Amino acid sequence: MNPKIRFMNVSKSFSLYSKQSEKLFDIISLKKDRDHFFALRNISFEVNEGEAIGLIGLNGSGKSTLSNLLAQVIPPSLGKVEINGETSLIAISVGLNNSLTGLENIKLKCLMHGLSSAEINKIKSAIIDFADIGKFINQPVKNYSSGMKSRLGFAISIHTNPDILIIDEALSVGDQTFYKKCLDKINEFKSQGKTIIFVSHSLSQIEAFCERVMWIHFGQIKMFDEAKKVISEYKKFINWFNSLSESQKKKSRNEMLEDQYKEVSNGQAQLVKSKRGNSNLGFVLQILILILIVISSATYMF
Ligand SMILES: Nc1ncnc2c1ncn2[C@@H]1O[C@H](COP(=O)(O)OP(=O)(O)OP(=O)(O)O)[C@@H](O)[C@H]1O
């Protein structure tokens, strides 16, 4: 049986800019080789159909970066990501267009998932019913509370019937009644043999419905095993970390972060290649800019 998800030596790096203008310079390739921060380094794992996997780790450890790679919202910098099926990401801060109403968002997101107008009309009322946000469904999403956004995001994602559901902290802002409703829906989803990736800081939520748990620590997989085992080790680590003084905590964090600026050893060649790819694009842009300058000077002269 093919795994539903396969990550092979995946790394995700971000260029660090101190000004917005530096980003523009990078696009037109006026400056190369910026500092790279590896949010994820050399990650390899597989997930099978029907599994519910929990993702845990400290703030900034790379959980959302991993969710975004899983949902194919961002590409890997190095390595290979294989996803066999349709994914749907539910996260508090992504997915909904703030200037559109709830109803317009339902239509837009369903279209983006490849549903036809007839299919959207069929599931529209079920989504509205599940989200249960009353007349706000006709208000722009920017007027919603975070809980309301989460309700709408969850309702849409679950009804578009994906093979792989990625839930990134989306249940943490909902109230208890909504949480219960989501749990029922997630269990229904699981019983259909679908795959779930669940990111949460709530270890009790993770333990409630994940068989395996991945602990991400400063961009690397620290443990990926049976839920009970990983959660127990993670709790021991949290207790140890909390026993440190503030300055020891800071020192330990900084040491770990320092490693995330180092190049990924076995993937360096690929990173250089991808930089060269960008500089080719930059070269074309530079030529275009040059042509534009020549044309506008010529127009001005004659
Ligand atoms: N676009 C970006 N540019 C630069 N750095 C980024 C970018 N996105 C994420 N990062 C960095 O990557 C690291 C991992 O971030 P990520 O959001 O994946 O962590 P997380 O485990 O989800 O954290 P939290 O628990 O706080 O939600 C962080 O240090 C973050 O600052």
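The legends below describe close-up views of a predicted model.

**View 1. The chain as a whole contains ten helices and nine strands.**
The chain has 302 residues, of which 31% count as buried. Among the contacts in the chain with a separation of 6 or more, 75% are between residues 24 or more positions apart. The views that follow take up parts of this predicted model in turn.

**View 2. Eleven named positions, from Phe14 to Thr65, surround the ligand.**
The residues around the ligand are Phe14, Phe37, Ala39, Gly57, Asn59, Gly60, Ser61, Gly62, Lys63, Ser64 and Thr65. At least two residues of this shell come from strand S2 (36–47), and at least two come from helix H2 (63–70). H2 gives the most to the shell, with three residues. Sorted by class, the shell has seven polar, three nonpolar and one charged residues.

**View 3. Six strands form an open sheet with mixed pairing.**
The order of the strands across this sheet is S5-S6-S7-S3-S8-S9. Strand S5 (87–91) and strand S9 (220–226) are the edge strands, and each pairs on one side only. From one strand to the next, the twist averages 15°. In general, strands of a sheet pair through backbone hydrogen bonds, either parallel or antiparallel. S5 and strand S6 (residues 164–168) pair in the parallel sense, over five bridges. Within this pair, Leu89 has Ile166 in S6 as its bridge partner.

**View 4. Strands S8 and S9 run antiparallel and are joined by six bridges.**
Arg212 has Glu226 in S9 as its bridge partner. The two strands form a hairpin with two residues between the strands. In this hairpin, Phe218 takes a positive phi near 45°.

**View 5. Helix H2 lies across five strands.**
These strands are strand S3 (52–56), S5, S6, strand S7 (195–199) and strand S8 (212–217). H2 runs at about 155° to S7. H2 also belongs to the surroundings of the ligand, where it supplies three residues of the shell.

**View 6. Strand S1 pairs with S2 and with S4 in the antiparallel sense.**
Strand S1 (residues 5–15) is joined to S2 over eight bridges. In this pairing, Lys12 stands opposite Leu40 in S2. S1 is also paired with strand S4 (residues 78–83), over five bridges. Here Ile5 stands opposite Ile83 in S4. Asn9 lies in strand S1 as well. The phi of Asn9 is near 45°, a positive value in a residue other than glycine. Asn9 counts as partly exposed because 16 other C-beta atoms lie within 10 Å, whereas a buried residue would need 20 or more.

**View 7. Helices H4 and H5 pack at an angle of about 145°.**
Two packed helices are described by the angle between their axes and the distance between the axes. For helix H4 (residues 117–131) and helix H5 (residues 146–159), the axes are 8 Å apart. H4 passes H5 in a right-handed crossing. On the H4 side, the contact is made by Ile123, Ala126, Ile127, Phe130 and Ala131. These residues meet Arg151, Leu152, Ala155, Ile156 and His159 in H5. By class, the contact has eight nonpolar, one polar and one charged residues.

**View 8. Asn161 is found in the loop between H5 and S6.**
Asn161 has a phi near 55°, a positive value in a residue other than glycine. Asn161 counts as partly exposed because it has 16 C-beta neighbours inside 10 Å.

**View 9. Tyr179 lies in helix H6 (residues 176–191).**
Tyr179 is partly exposed because 15 other C-beta atoms lie within 10 Å. Leaving aside neighbours within four places in sequence, Tyr179 is in contact with Leu171 and Gly174. Tyr179 and Arg151 are 28 residues apart in sequence, and their C-alpha atoms are 9.5 Å apart in space. Arg151 belongs to H5, where it is one of the residues that meet H4.

Definitions and conventions
Residues numbered from 1 in each chain as written. Predicted model: local features only at pLDDT ≥ 70, side-chain atom pairs only at ≥ 80, totals over all residues. Near = placed C-beta within 6 Å. Helix = DSSP H or I, 4+ residues; strand = E, 2+ residues; numbered from the N terminus. Nonpolar A, V, L, I, M, F, W, Y, C, P; charged D, E, K, R; others polar. Pairing = 2+ DSSP bridges. Axes fitted to C-alpha atoms, helices over the stretch in contact; angles between N-to-C directions. Contact = placed C-beta atoms within 7 Å. Left-handed = near helix turned anticlockwise from the far one by under 90°. Buried ≥ 20, exposed ≤ 12 C-beta atoms within 10 Å, placed from the backbone.
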